[in-house]
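Hi everyone, thanks for making time. I've got two things to show you today, a helix pair and a cavity, so let's put the model up.

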Amino acid sequence: MRSYLLSFIVACLTCIQPLTAQQEAPVRIGVDGLTHDHIHSLLRDYGKRADIQIVGIAETNKALVERLAKRYGFDPAIVYDDLETMIDKARPQGVVAFNSIFEHLHTVEVCAPRGIHVMVEKPLAVNSEHAVKMATLARKYHTMALTNYETSWYPSNHAARRMAVSSPELGAIRKVVVCDGHKGPREIGCSEEFLAWLTDPVLNGGGAVIDFGCYGANLMTWLMQNEQPQSVTAVLQTLKPDVYPKVDDQATVILNYPHCQAIIQGSWNWPVDRKDMEIYGAKGFVKALNANNLVYRLTREEPEVALKPEPLPENEREPFGYFAALINGKLEIKPADLASIENNLIVVKILDAARRSAQENRTIFLND
């Protein structure tokens with residue numbers, strides 16, 4: 001009998017296989033806030049993903065919770081009135097913030113001391129004071145404080161950077177032009193919950209200069225490998241004061257470096273949606289036209305060449321899989337990465353200088 005039992009146990013152990021990537025326990029994710037309309041990019045896959053599991057949500061707006069729960073099928077029982085209670089009850093490994101930019105600091109203040117990683121929607125913070133506090137907490141408690149930008153997952157941007165930074169094809173970078181925007185958040189149908197803080201100069205930090213200027217600041221800091229500009233010059237306008245009476249809806253920001261220049265254009269006034277980047281080097285140029293297409297030209301004699309870059313690596317194609325891979329230790333965040341705290345401290349510093357430049361009608365020198 002003992003021999004038979006031993007044989008049975010051995011046979012069972014032999015049948016047990018190591019967990020594959022698909023069979024691994026999903027990373028437990030909490031959500032802080034539902035008022036940012038980018039939440040739809042996460043909830044549309046609710047219950048369908050193997051890499052992450054939404055275990056709790058912090059949100060006080062009951063009508064919003066009911067509406068989204070009905071649309072996406074999550075149980076309202078996983079929703080709590082505050083972040084602290086959600087964390088205590090749901091025990092997430094990481095928290096994604098879909099609240100106002102002003103509230104990002106509170107998210108990190110609650111999560112970091114508990115050893116919980118955070119990823120916020122762009123930009124990192126409303127100002128450098130908040131950003132530095134967030135970075136200090138993350139470093140003190142050895143947690144991540146990441147920033148998610150839609151453009152971080154564009155194969156075209158990564159291919160363009162390789163041509164401009166990792167290889168000598170373009171030569172030294174001389175000028176970069178980044179354009180981001182659309183008709184305006186109200187014009188494209190953003191929710192009232194989102195508009196309530198997106199168009200508030202305190203809760204969002206500004207209008208188009210924050211909402212879309214941050215993309216260019218992030219990408220240029222990435223191209224410059226975290227070198228900050230010497231100066232920032234900005235012109236901000238409100239062309240639709242009847243729609244956006246409290247914030248700018250048109251922003252042009254010039255970043256000056258010792259050997260190159262960047263022009264960042266963010267707008268809530270364009271007739272079409274756009275997120276594109278042009279990099280001009282000493283030898284050639286490349287234009288990332290959209291997420292998946294670019295054109296380049298390397299000599300005066302040659303015509304433009306169109307290119308569709310290869311997809312990004314599996315764990316680097318979208319924010320939530322990337323966040324899970326970092327938490328699981330499959331990836332490691334580097335200081336020069338688009339989502340890094342180092343990059344995004346510079347981004348917020350640029351945005352601070354842009355607002356100040358427009359207010360004071362002068363160039364702001366960052367070393368002053």
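A bit of vocabulary to start: a crossing is called left-handed if the near helix is turned anticlockwise from the far one by less than a right angle, and right-handed if clockwise. Bear in mind this is a predicted model, where local features need pLDDT of at least 70, side-chain atom pairs count only at pLDDT 80 or more, and totals for chains, interfaces and linings use all residues. Residues are numbered from 1 along each chain as its sequence is written, and side-chain values use heavy atoms, leaving out hydrogens and water.

So, the helices. α6 (residues 128-140) packs on α12 (residues 341-360) at about 170°, the axes being 9 Å apart. That makes the two roughly antiparallel, a label for angles over 145 degrees. Their crossing is left-handed. Who touches whom? From α6 we have Ser128, Ala131, Val132, Ala135 and Arg139, and from α12 Ile341, Glu342, Leu345, Val348, Lys349 and Asp352, with contact meaning heavy atoms within 4.5 Å. By type, that's six nonpolar, one polar and four charged.

Now the cavity, meaning a set of points on a 1 Å grid where a 1.4 Å probe fits but cannot get out. There's one of 30 Å³ or more, and the largest has a volume of about 40 Å³. Its lining, residues with an atom within 4 Å of a point, includes His36, Lys122, Trp197 and Asp211. Which element gives the most? That's α8, with three residues. Overall the lining splits into six nonpolar, two polar and two charged.

Conventions:
Axes are lines fitted to C-alpha atoms, for helices over the stretch in contact, and angles run from 0 to 180 degrees between N-to-C directions. Helices (H or I, at least four residues) and strands (E, at least two) are DSSP runs, numbered from the N terminus. Angles under 35 degrees count as roughly parallel, over 145 as roughly antiparallel, 65 to 115 as roughly perpendicular and the rest as oblique. Ala, Val, Leu, Ile, Met, Phe, Trp, Tyr, Cys and Pro count as nonpolar, Asp, Glu, Lys and Arg as charged, and the others, Gly among them, as polar. On a 1 Å grid over the protein atoms alone, a cavity is a set of points where a 1.4 Å probe fits but cannot get out, and a pocket is an open set with protein on both sides within 12 Å along at least five of seven lines; lining residues have an atom within 4 Å of a point. Grid points are joined across faces, edges and corners, and a volume is the space filled by probe spheres set on the points.
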